[in-house]
Amino acid sequence: MSFRIIGTGMYVPPKVVTNDDLSKIVDTNDEWISKRVGIKERRISENEFASEMGLKAAQQAIADSGINPEEIDAIFAATVSGETSSPSMACMLQNGLGLSCMAMDISAACSAFIFLLETAAAFFGLHKEYQKILVVGTERMSGITDYADRSTCIIFGDGAGAAILERGENYLDSVISVDGGDSVIKIPHTVGSCPWFTRETESPYVHMQGQETFKYAVTALSQDVTTLLERNSLTMEDIAWIVPHQANKRIIDFAAKRLGVSKEKFFCNIEKYGNTSSASVPIALHELAKSGQLHRGDKLILCAFGGGLSNAACLIEW
Amino acid sequence: MVQERIIELLAEATATDAAEITADTAFADLGIDSLDLTEMAMQLEEEFGIELEMKPEIDTVGKLTEVVESLKG
């Protein structure tokens, strides 16, 4: 049992923060960030929480699909930067949409959107009455970014992406891997104010080992794409687009080189939004769909990698 | 052979004339960053069938050549 994507949506906050803006608060510069990371600007929320951005992306996906919100049977959401641990992001979105369907979060950091699709595919199989599922990745990464750390604050941006899935046969295959551990990427919670807790605190921001993350990401992306192609007896010529997590342009470029495929095959919008974690794949998918470069019947590979460590990719027919 | 390949990769990454890179050349002098080194390390791992951890003390072409040679066995 699987699904097809019948609508997409995205939302990014209006405030644009350029590399020049960041160079005023940390030791960095536009030339280095543009050339070495591929980001020119990112959107930063001034007054919206992740659930509010997610709601706007969801509403756009609903409008794009032409369905009534009441037709949604389940909401699956992902975030690492939500404003509450409870209610879950999915519950906040359900409330915002005025629905009463089941709703739950999946936690898989930057890989999460593909985990959401995988979960949706499983639920379509489990619940024969389910016809439509809303999936949303939404992030206010600026809330968990240390703006004194030049290695991370240049990378992240805020935004949300969503899709409406309808029972169908277009989710063709997927690969999901997890290599659990916190030595490469970690976003600690605050330890609270308990007077009896004695462990040292870590700052509640994204901590990332750049070289290890790069190596993991390039390897994961290359291997996952290769696995999907081989397992489905496809070649790169059969694939219209690869939509990767927008983490760092160099990860995408180097993976393309290792795969022996043109960079043009990878849809990239990192220059405008930076890394928006779980929102990056659905935002990219929405922009690609609306660009007129995607046609019904096209085969796509979505792929992502990140905290966990986790990585995932899926083959879909548009 | 290992050193020639390292010099070739560095020349390509930095658009420098390979003749200007020697065993004594420090990576820092070529203006490359940590991700460039990671890319090169991954390339060398694949080509020579080794597992290479780029530590800060491996900071010149000569030192990297020695490490790769010893891992190759």
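Reader: What makes strand β4 (residues 74-78) of chain A and strand β6 (residues 132-140) of chain A a pair?

Author: In this predicted model, β4 and β6 of chain A are joined in the parallel sense over 5 bridges. Two strands count as paired if at least two bridges are found between them, so the 5 bridges of β4 and β6 satisfy the criterion. Within this pair, A:A78 stands opposite A:G137 in β6(A).

Reader: Which strands make up the sheet, and in what order?

Author: The open sheet of chain A has 5 strands in the order β1-β7-β6-β4-β5, and its pairing is mixed.

Reader: Why are β1 (2-11) and β5 (102-105) of chain A called edge strands?

Author: Each of these two strands pairs on one side only. From one strand to the next, the twist averages 20°.

Reader: Which helix packs on the sheet, and what does it touch?

Author: Helix α5 (residues 112-126) of chain A packs there, touching β1, β4, β6 and β7 (158-168) of chain A. The direction of α5 makes about 160° with that of β6(A).

Reader: How do you know that chain A is in contact with chain B?

Author: Contact requires C-beta atoms, placed from the backbone, to lie within 7 Å. By that criterion, 8 residues of chain A are in contact with 7 residues of chain B. On the side of chain A that touches chain B, the elements giving two or more residues are α7 (210-231) and α8 (249-259) of chain A. The largest share, 5 residues, comes from α7(A).

Reader: What kinds of residues form that side of chain A?

Author: The residues on the side of chain A that touches chain B comprise 3 nonpolar, 2 polar and 3 charged.

Definitions and conventions: Residues numbered from 1 in each chain as written. Chains lettered and ligands numbered in written order. Predicted model: local features only at pLDDT ≥ 70, side-chain atom pairs only at ≥ 80, totals over all residues. Contact = placed C-beta atoms within 7 Å. Helix = DSSP H or I, 4+ residues; strand = E, 2+ residues; numbered from the N terminus. Nonpolar A, V, L, I, M, F, W, Y, C, P; charged D, E, K, R; others polar. Axes fitted to C-alpha atoms, helices over the stretch in contact; angles between N-to-C directions.
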